[in-house]
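Thanks for coming. I have one chain to go through today, and I will take it from the overall layout down to single residues.

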Amino acid sequence: MSRRTRLRELGQQLEEKKVALTANHTDGHPILGEKSHGDVGEIEQRTKQYESDRVLAAIDRKHEGRFGKCDGCDGDVLISRLVADICADMCIDCRRTLEARDEFAEEDEVELDFGGAERHEYTMSTTEANKLLGR
Ligand SMILES: [Zn+2]
C-alpha cells in the first residue's frame with residue numbers, strides 16, 4: 001500500500017478520534033473516552049486533556065497538509081511511527097535529538113548541585129577542577 005493511501009487512512013482515524021473526543025462533554029469541555037464520572041482523578045483528567053490537545057493539534061496539522069511531516073526537519077514521519085502514535089509530529093531522528101537535548105538540560109541543572117554531581121557521570125577538565133578547588 002502506498003504511503004499516500006496509508007496517510008489518508010490514518011487521517012481518517014484521526015478524524016474519528018476527534019469525533020469520539022467531542023462526543024463527550026463535561027462542563028462544556030471535550031473529554032476523551034466514554035466515562036465522564038465526577039470521580040475522575042485529576043491526573044486522569046489532565047492526561048485526557050493532554051491527549052485531546054494532541055489530537056486537535058494533529059487535526060490542525062492535517063488540515064495544513066502537514067500530517068505525516070516532521071516539524072523538525074520537514075522530512076517524512078514513518079508510517080510505522082504514526083501507527084504507534086497517530087499524533088507524532090516528528091521523525092524519530094528529530095525526536096531523539098530533542099530528547100537528548102532535554103536530558104542534557106536536566107544534567108545541567110544537576111551539575112549546579114555538586115552533592116548530586118558524583119551520582120551522574122560528569123567529567124571536568126583539570127582547569128575546571130582546579131578552579132573548583134581554588135587552585
Ligand atoms: Zn525530522
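Helices and strands here are DSSP runs, at least four residues for a helix and at least two for a strand, numbered from the N terminus. On that basis the order along the chain, starting at the N terminus, is α-β-β-α-α-α-α-α. That makes six helices and two strands. Please keep in mind that this is a predicted model.

So how far can we trust it? The average pLDDT of the chain is 81, and 75% of the residues reach at least 70. Confidence is highest in α3, with a mean of 96, and lowest in helix α5, residues 114–117, with a mean of 50. Over residues 116–120 the pLDDT stays under 50, and the model has six contacts beyond four places in sequence for that stretch. Where pLDDT is low, the predicted coordinates should not be read in detail. I will leave that region there.

Next, the packing overall. The chain has 135 residues, and 11% of them count as buried. If you take contacts between residues at least 6 apart in sequence, 35% of them join residues at least 24 apart.

Now to α2, residues 42–63. Does its length fit a helix, and what should the span be? With 22 residues at 1.5 Å a residue, α2 should span 32 Å, and its end C-alpha atoms are 31 Å apart, which agrees. The buried residues of α2 are Lys 48, Val 55 and Ala 58. Looking down the axis of α2, these buried residues fall within an arc of 90°, so they line one face of the helix. Part of what covers them is α1, residues 3–23. On the other side of α2 there are exposed residues, among them Glu 42, Arg 46, Tyr 50 and His 63.

One pair links the sequence positions of α1 to a later residue. Thr 22 sits in helix α1, and its C-alpha is 9.2 Å from that of Ser 52, with their positions 30 residues apart in sequence. Thr 22 counts as partly exposed because 14 other C-beta atoms lie within 10 Å.

After α2 comes Gly 65, with a positive phi near 75°. Further along, in the loop between α2 and α3, is Asp 74. Asp 74 also has a positive phi, about 70°, although it is not a glycine. Most residues other than glycine have a negative phi. Is Asp 74 buried or exposed? It counts as exposed, because it has 10 C-beta neighbours inside 10 Å, and the cut-off for exposed is 12 or fewer.

Last, the core. Which residues make up the largest nonpolar core? There are five: Cys 70, Val 77, Leu 82, Ala 88 and Cys 91. Leu 82 belongs to helix α3. It has 23 C-beta neighbours inside 10 Å, so it counts as buried; the cut-off there is 20 or more. Leaving out residues up to four places away in sequence, Leu 82 touches Leu 10, Gly 68, Val 77 and Ala 88. For Gly 68, the C-alpha to C-alpha distance to Leu 82 is 7.3 Å, at a separation of 14 residues in sequence. Ala 88, with the same neighbours in sequence left out, touches Val 77, Arg 81 and Leu 82.

That is the end of my part.

Notes
Residues numbered from 1 in each chain as written. Predicted model: local features only at pLDDT ≥ 70, side-chain atom pairs only at ≥ 80, totals over all residues. Contact = placed C-beta atoms within 7 Å. Core = buried A, V, L, I, M, F, W, Y, C linked by C-beta atoms within 7 Å. Expected span 1.5 Å × (residues − 1). Arc of directions from axis to C-beta. pLDDT = per-residue confidence, 0-100.
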